Amino acid sequence: MPQPDANPGWLTEIELAEARRRLPMLYVEAVPVRTDGAGQVTSLGVLLRSTPLGEITRTVVSGRVRYGETIRDALFRHIENDLGPMAFPLLPPSPDPFTVAEYFPIPGVSAYSDDRQHAVSLAFVVPVTGTCEPRQDALEVTWFTPEEAASDAVWAEMEGGRGTLIRQALAHLGLLR
């Protein structure tokens, strides 16, 4: 007798490829931040990653929302996957995104691109209080001051338009100058 799927919300690579050809995918993205005692943002965390083509780029915590999974649970899962179990994110009781980003496989349709798919992403600023140790395909977590994160140099290293996402997060926090 076949065993029930332990994670029915997960797609095989073939199922994912088929879904990506037919439907927009729902993602969550997180810009991890460190704050001082008064709650002011002192730094933003950006991941350094190696792409399948061997390119080195910068990005934010990101990942798909599984079928039947809450946005909150997906956000927590991806923060733990990318930053490690000791990151200790401070998720509010009711997380609200600072923006909704729409990624297209065709460059120029929006500020965001993803050559694999059409995706809609809910983006959040998430304070983290613990130790961040990159996991999975992340090579390191780099902490930038708000001024450094807004720079053209960091913007140019971000993949898929995520430099714009960082600047939107800074604007949402009142830190874009």
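Helix α1 has its buried residues covered by, among others, strands β1 and β4. This is a predicted model, so take what follows as a reading of that model. Besides α1, the briefing looks at the largest pocket, a buried glutamate in β1 and a leucine just ahead of the helix.

**Helix α1: two faces**

- Three residues of α1 are buried: L16, A19 and R20.
- Because those three span an arc of only 100° around the axis, they end up on the same side of α1.
- Flip to the face turned away from that buried side and you find I14, R21 and R22, which are exposed.
- On the covering side, β1 and β4 are part of what sits over the buried residues.

**L11, ahead of the helix**

- L11 sits in the segment before α1.
- Its relative accessibility is 27%, so L11 counts as partly exposed, being in between the 20% cut-off for buried and the 50% cut-off for exposed.
- Leaving aside residues up to four places away in sequence, L11 touches L16, A19 and R64.
- Two of those partners, L16 and A19, are also on the list of buried residues in α1.
- L11 and R66 are 55 residues apart in sequence, yet their C-alpha atoms are 8.7 Å apart in space.

**E29, tucked into β1**

- E29 belongs to strand β1.
- With a relative accessible area of 1%, E29 falls under the 20% cut-off and therefore counts as buried.
- What does the side chain of E29 make a polar contact with? The partner is the side chain of R162, at 2.6 Å.
- Setting aside residues up to four places away in sequence, E29 also touches a run of other residues, including V60, V61, S62, L75, A101 and Y103.
- Further contacts of E29 include S121, L122, A123, F124 and L165.

**The largest pocket**

- The largest pocket has a volume of about 1,100 Å³.
- Its lining is made up of 38 residues, and R49, D114, R116, D137 and E159 lie nearest the centre.
- Elements that give two or more residues to this lining include the helices α1 (13–22) and α2 (71–83).
- Strands that do so are β1 (25–35), β2 (41–50), β3 (56–59), β4 (61–64), β5 (99–104) and β7 (119–127).
- Which element gives the largest share of the lining? That is α2, with four residues.
- By character, the lining residues of the largest pocket split into 15 charged, 13 polar and ten nonpolar.

Methods: Residues are numbered from 1 along each chain as its sequence is written. This is a predicted model: local features need pLDDT of at least 70, side-chain atom pairs count only at pLDDT 80 or more; totals for chains, interfaces and linings use all residues. Side-chain values use heavy atoms; hydrogens and water are left out. On a 1 Å grid over the protein atoms alone, a cavity is a set of points where a 1.4 Å probe fits but cannot get out, and a pocket is an open set with protein on both sides within 12 Å along at least five of seven lines; lining residues have an atom within 4 Å of a point. Grid points are joined across faces, edges and corners, and a volume is the space filled by probe spheres set on the points. Ala, Val, Leu, Ile, Met, Phe, Trp, Tyr, Cys and Pro count as nonpolar, Asp, Glu, Lys and Arg as charged, and the others, Gly among them, as polar. Buried means under 20% relative accessible area, exposed over 50%, partly exposed in between (1.4 Å probe, protein chains only). A polar contact is a pair of N or O atoms within 3.5 Å; within protein, one must be able to donate a hydrogen and the other to accept it, and residues adjacent in sequence count only if both atoms are side-chain atoms. Contact means heavy atoms within 4.5 Å. The arc is that of the directions from the helix axis to the C-beta atoms.
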